[in-house]
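Student: Could you walk me through this structure, one question at a time?
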Amino acid sequence: MAIRVAFGSWPTLNASMRAAVGDLTDDSLARTAGPGRWPLWAVIGHLACQRVFWLCDFAGEPGAESTPFTNATWSCPGDEDLDNVLNAEQLVAALDSTFAIVDRVLDGWTIDSLADVIDRSDWDAHWVHSRAFVIDRVHSHDLWHAAEANEILTRLGSPRIDPWT
């Protein structure tokens with residue numbers, strides 16, 4: 001059985017993120033939730049880039065080349081890159097292209113395969129995780145940063161990201 005059954009609201013979350021940022025101006029995307037926090041464009045860009053890092057670079061799934069984040073191991077918005085600002089169109093494209101990878105994983109990974117261990121100990125000793133850890137990490141990461149984005153969207157008076165509708 002595919003793991004999609006356990007992540008039924010994830011496509012709705014992604015669609016809601018697209019809708020929330022798709023029409024925002026560059027000025028709105030430059031807003032932060034507070035001092036020392038990333039701008040909205042970096043929050044959403046980082047979220048999308050980390051999908052590529054965990055699912056492609058770490059777990060070995062194909063598709064990184066179809067995203068704007070072909071070097072996700074070394075360069076993601078927010079973490080390593082606050083200079084290359086992404087506009088609304090680029091963020092929507094990033095969400096779409098990276099969610100295509102998530103979508104394939106939701107249909108391709110099975111409940112039984114979640115116990116499979118991915119060993120990247122050649123990177124560092126702590127890079128050994130089960131597929132269950134990876135998919136939970138990516139999903140939780142999306143929700144974490146969606147909540148962060150909602151702080152900014154609320155301040156803008158814009159519709160918020162809603163993972164359920």
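Tutor: Sure. Buried means under 20% relative accessible area, exposed over 50%, and partly exposed in between (1.4 Å probe, protein chains only). This is a predicted model, where local features need pLDDT of at least 70, side-chain atom pairs count only at pLDDT 80 or more, and totals for chains, interfaces and linings use all residues. Residues are numbered from 1 along each chain as its sequence is written, and side-chain values use heavy atoms, with hydrogens and water left out.

Student: Is Cys49 buried or exposed, and what about Cys76?
Tutor: These two cysteines form a disulfide, with 1.9 Å from S to S; the cut-off for a disulfide is a pair of cysteine sulfur atoms within 2.5 Å. As for the surroundings, Cys49 and Cys76 are both buried.

Student: Why is Cys56 not in a bond with Cys49?
Tutor: Cys56 is buried too, at 7% relative accessibility. Its closest cysteine sulfur is in Cys49, but that is too far for a bond: the distance is 10 Å.

Student: How do the rings of Phe7 and Trp10 pair: stacked, edge-to-face or tilted?
Tutor: Rings of Phe, Tyr and Trp (its six-membered ring) pair if their centres lie within 6.5 Å; planes under 30 degrees apart count as stacked, over 60 as edge-to-face and the rest as tilted. By this rule there are eleven aromatic pairs. For Phe7 and Trp10 the centres are 5.6 Å apart and the planes at 50°, so the pair is tilted.

Student: Which of these two has a relative accessibility of 0%?
Tutor: Phe7 is buried at 12% relative accessible area. The residue at 0%, also buried, is Trp10.
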